[in-house]
There are 4 protein chains.
Amino acid sequence: MIIVLKPNITKKEEAAVLKEIEKLGYKPHVMRGVERIVIGAIGDERTHRNLETLMTWPQVENVMPVQKRYKLVSREAHPPNTAINVRGNVIGGRKVQIMAGPCSVEGEKQLLKTAEAVAAAGATILRGGAFKPRTSPYEFQGLGEKGLKMLDKARRETGLAIITELLSEAHAELVAEYADILQIGTRNAQNFQLLITAARTGKPILLKRGLSMKIEEWLLAGEYVLSNDNCNLMFCERGIRTFERATRHTLDLNAVALVRERTHLPLIVDPSHAAGVRSLVLPLSLGSLAAGACGLIVEVHPDPAHAMSDGAQSLDFAMFEELARQVRGGVGAKA
Amino acid sequence: MIIVLKPNITKKEEAAVLKEIEKLGYKPHVMRGVERIVIGAIGDERTHRNLETLMTWPQVENVMPVQKRYKLVSREAHPPNTAINVRGNVIGGRKVQIMAGPCSVEGEKQLLKTAEAVAAAGATILRGGAFKPRTSPYEFQGLGEKGLKMLDKARRETGLAIITELLSEAHAELVAEYADILQIGTRNAQNFQLLITAARTGKPILLKRGLSMKIEEWLLAGEYVLSNDNCNLMFCERGIRTFERATRHTLDLNAVALVRERTHLPLIVDPSHAAGVRSLVLPLSLGSLAAGACGLIVEVHPDPAHAMSDGAQSLDFAMFEELARQVRGGVGAKA
Amino acid sequence: MIIVLKPNITKKEEAAVLKEIEKLGYKPHVMRGVERIVIGAIGDERTHRNLETLMTWPQVENVMPVQKRYKLVSREAHPPNTAINVRGNVIGGRKVQIMAGPCSVEGEKQLLKTAEAVAAAGATILRGGAFKPRTSPYEFQGLGEKGLKMLDKARRETGLAIITELLSEAHAELVAEYADILQIGTRNAQNFQLLITAARTGKPILLKRGLSMKIEEWLLAGEYVLSNDNCNLMFCERGIRTFERATRHTLDLNAVALVRERTHLPLIVDPSHAAGVRSLVLPLSLGSLAAGACGLIVEVHPDPAHAMSDGAQSLDFAMFEELARQVRGGVGAKA
Amino acid sequence: MIIVLKPNITKKEEAAVLKEIEKLGYKPHVMRGVERIVIGAIGDERTHRNLETLMTWPQVENVMPVQKRYKLVSREAHPPNTAINVRGNVIGGRKVQIMAGPCSVEGEKQLLKTAEAVAAAGATILRGGAFKPRTSPYEFQGLGEKGLKMLDKARRETGLAIITELLSEAHAELVAEYADILQIGTRNAQNFQLLITAARTGKPILLKRGLSMKIEEWLLAGEYVLSNDNCNLMFCERGIRTFERATRHTLDLNAVALVRERTHLPLIVDPSHAAGVRSLVLPLSLGSLAAGACGLIVEVHPDPAHAMSDGAQSLDFAMFEELARQVRGGVGAKA
């Protein structure tokens, strides 16, 4: 930690800060500048008490951390890329993995038809929400366990692995029984009790970025998973909330590149939620993969015009086939 | 709903849209403009299927809702202000209510001392976190049930009512046993399962605004509480996340005024989290009350320089007394 | 400046950094931490070359400034409040000053009628745009010099001082001839050539905050005015751009309080642009003054329903009288 | 325009709105809904008076535009892509164009060396700022005309075309004399007088997106150029301002895809400013091109560690060669 003192403080005020730093287990190191005194506090910031309380001291102007706050997810801790094996599909390896399927599981026919179509086009993992978090209580909330059973059937018929959202600690056991990957949604990205519960199921986890989550917070949320003994974590950039109104969210391409640089874990992009409109899904997909994403999670519906949720951003089968074709032909994940 | 068609579409494409609108239970009404055809779909948007799926139709340029999506929280539904009685203290009435106390319950002595000080200065409700949601898994997570028992003791000794955070469905029964008001925190503001569970305890609920929650989404999250048969809901503006880095968050004064205009429910402001630095807590408090807030929730600590969380934004006792004095002397809540 | 080196670098890499720091005129001061080496560079950051280029060095992890970048506008440089005298009206003194008038000068009758009404209600300064910056080239661009002459006439008839926008270096001489205060608009807040030109006219300047301007950047833009020998500067918070869509902009109440703390210059609030809707103008005004603003700038129109710009946020005469009455009766600027 | 009336208004209040709509030259069309009356106003919104003033009417709840506000830049107006020829280099054609060079022209040697290096690697246009807009008045402001002469010399020696920033109306003639493309910077993106002045020089213009400019506003700023008889306009996405602090700005990949969809004009990406750190420049470049950008503008410096501005985000020659190599080998602009 670096502690900057205010200009013109007394010797006694300075001494009090030094004493406090020592009391908290750090070794203080004083630098007398032109206008201000700056103190370096030597010690591991992650194992000692936080010095940020010094901010409240009247003689202190600023306190700045020197170390990164996350450990287990960081590339410093684990330099090579981590790959996750889900039913034989390697996420984070050389092959781009495509997860695809409807926003909501609406019925068996809708789901099976979609599963067959996306499998035929090259997807390896089927997405589909059985429990749906909806902004309004008056909107369709998902089929629940019935939806999970349909996902299971689709898996048996197509060989696709299953990713579905977990949105309540109370459902963890149930959802983990059916899912190959647990998705933690945007609105629960800092629901830490849910993250801990999900981690403890032992299932691979895909952690969507919160609507206005800083990358550091996102990595720290991931730290909740790894520090609960689950290393099978993927991050998923799905667009952040900005002032822009022409698109639903803003796909943060910097985050794609930066998460690959800072962590060893796979990074998936959800172009459907980022765009909110289907015509942008293809260019966002190609751009994300070229920038380093390991995979995509895409909304596909047999009849987007009649989808019960997210129809505007869902691809129909033909559009998905074209996307899969261009992804295969083209850009690969960066190692 | 208003449906705007693209320029130069065929009669057949137009007819298909009209048919779909009728199928979903609305009555279509066509207006032929200079460049575009616009269709009004007549029907209650809150009880019929959403027409936004029409956005996916190639001949459709835009779909715009006409009605507000929230009902029970709206002032249209209930024109007079709603007041909530918590152990004899009326929130949303003529008197400004001040909730005050430490960020975290750290120990019995710290809590009792604070409770006595804030009660003496005029606070009527004691805040204090027993379960703490922390950005990093390596930070202090709260004392849990031990902390709840300390809050209970402080209530018995001072007569203050208790507000404390609920952050897990699994704790709902336990926390409701001790608390007079359940606080739903910023990071759980769209954790709908938690909102439903909290509502069903029957306890009054204070719903903090999410970090980047639109006012409409906030009101809809409140709708989850009221539609689960709990009318004792307060909204709490606590600063939103913006690009500004000089303060921790940005206190959205517009939201204070707008929520008072749009809903009948009380609006509380948390100036401590909004500012992130204690020197701004007083001006933000006075400003918020002058703009229409019914009360404040303020972080107070006997020794902010040694607080286990949020020290930088906590007031000491003298600062809190000054704040309470200025609030009493001055600005009142707007009716 | 604090320079944080990466873990595990060589002695030679460290020595190169130290040499560079000395070359740029600073004295390096080395602290060896648990994982990283941290170097304090002692010297005045505002008069020496910037050390941020060290960020590009492979062995450097981070570079953090210690000093504030602004000088002349800071309260450290000038502890007491600065007040500005405009035709006998003191801005930044004990009395709240209200600037009011139409968004655009639309004609003589509209302007004079408004001027008389706002003067009668207690305003001391008349606002009105003669040159209008409009988002679209197809919108009304203002009456230009004809509008300035009307403002002059209104001043002669009512005794009100005049504030009007300067949006082009080419107009500086002309606008300064008519105006008592030059307004620099939101979209030109970092048009530094315009700021320099405006400063050199010697007229008092009101500097609106840019749509997404950090407070530090705003103060630095003010520094352009003071360092060009013009001390008569006011800052004007007018709402920032955020994700919220229910209001036009977001009034940043923190900025009101913080600018008062950090600078000696007066802070004015524009509740009309912050809200974008007239019903919120009164509560935002009262809240802003209670939080420390020295004055208001409010849009008023004889017939908002037919205004050529910003009608939705303009008050009619009756609403403005009520606002002026409540401001007088109530909350004063904080010293 | 669609005008939504409030619930429960009188016949007389409705009639007044209808009369006003007719007075402004539109034909009203009434739809009686379940709770509200909705009126369609038929007429060209771009040539008639704006109906948004109706928002101020007490009986009106909402006014919604139906048409897009921009014309000349829109793909509806001009379906095929527009390409711009700059000294024989076609921007917006099949070949990706790379503009590269230092942030600031610092001296002849620095510039010539860079020009030669980027030309050798495949760049066709040399960037370099002679007039620099700097956040603080105490930072290096550029070499002015001396810098322009150096750019001219570099053009003669390498054959590269020149792009440089215009930041003052007063410099327009001078800068246009030397530059092949005039760059309008982020902070001047809504400096409409500068846009008009730049357009009238007849030179091709590269319009950077403002820090928090909505895409619609950006296109409307472009409309200022085209409506002043200059069709040689490029848009440049350079990152927007968001809450994220780990990177300097946020590259809005949606904007890249959307601007290509909505307009016929070329879209260039500036990965250097978007990232703020050189290690991300390569992945952002590849991602942007894969998503549809026609070209890049990249900061390159012979010795980034000693650059006078933007060193942290500048590539050295080796990094630039690698970028150019990967761009050539790989992803092309989408037609």
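Which strands of chain B does helix α1 (residues 11-23) lie across? In this predicted model, the helix lies across β1, β2, β3 (37-42) and β4 of chain B, and runs at about 10° to β3(B). These strands form an open sheet of four with the order β2-β3-β1-β4, and their pairing is antiparallel. Because β2 (27-32) and β4 (60-64) of chain B stand at the edges with a single partner strand each, one side of each has no neighbour in the sheet. From one strand to the next, the twist averages 20°. Within this sheet, strand β1 (residues 2-5) of chain B is joined to β4(B) by four bridges, and the two run antiparallel. One residue pair that can be located here is B:L5, whose bridge partner in β4(B) is B:V60.

In chain A, the domain assignment gives two parts: domain 1 (2-64) and domain 2 (84-329). Taken over C-alpha atoms, the centres of domain 1 and domain 2 of chain A are separated by 45 Å. A single pair of residues in chain A may also be considered: the C-alpha atoms of A:R238 and A:I37 are 44 Å from each other, with their positions 201 residues apart along the chain. A:R238 is placed in the loop between β12 (233-237) and α7 (253-262) of chain A. This arginine counts as buried because it has 22 C-beta neighbours inside 10 Å, where 20 or more are required. Residues up to four places away in sequence aside, A:R238 touches A:T186, A:K208, A:R209, A:D270, A:H273 and A:A274.

Chain C offers a view of parallel pairing. Strands of a sheet pair through backbone hydrogen bonds, either parallel or antiparallel. Strand β11 (residues 205-208) of chain C pairs in the parallel sense with strand β10 (residues 181-184) of chain C over three bridges. The chain passes from β10(C) through helix α5 (residues 192-200) of chain C to β11(C), in a β-α-β crossover that is right-handed. β11(C) is also joined by four bridges to strand β12 (residues 233-237) of chain C, again in parallel. Helix α6 (residues 215-226) of chain C completes a right-handed β-α-β unit with β11(C) and β12(C). C:L207 can be followed through both pairings: C:I184 stands opposite this leucine, and its bridge partner in β12(C) is C:F235.

In a regular strand the side chains alternate between the two faces of the sheet. In β11(C), C:I205 and C:L207 lie on one side and C:L206 and C:K208 on the other, and all four are buried, with both faces of the strand covered.

The contacts between chains remain to be described. Chains C and D meet through 37 residues from chain C and 37 residues from chain D. On the side of chain C that touches chain D, the elements giving two or more residues are α5 and α6 of chain C. Of these, α6(C) gives the most, with four residues. By class, this side of chain C divides into 15 nonpolar, 13 polar and nine charged residues.

The contact between chains D and A takes 33 residues from each of the two chains. On the side of chain D that touches chain A, at least two residues each come from α6 (215-226), α7 (253-262), α8 (271-275) and α9 (281-290) of chain D. The largest share, six residues, is supplied by α9(D). This side of chain D has 17 nonpolar, nine polar and seven charged residues.

Definitions and conventions
Residues numbered from 1 in each chain as written. Chains lettered and ligands numbered in written order. Predicted model: local features only at pLDDT ≥ 70, side-chain atom pairs only at ≥ 80, totals over all residues. Buried ≥ 20, exposed ≤ 12 C-beta atoms within 10 Å, placed from the backbone. Pairing = 2+ DSSP bridges. Right-handed = clockwise from strand over helix to strand, strands pointing away. Domains from an automatic or database assignment. Contact = placed C-beta atoms within 7 Å. Nonpolar A, V, L, I, M, F, W, Y, C, P; charged D, E, K, R; others polar. Axes fitted to C-alpha atoms, helices over the stretch in contact; angles between N-to-C directions.
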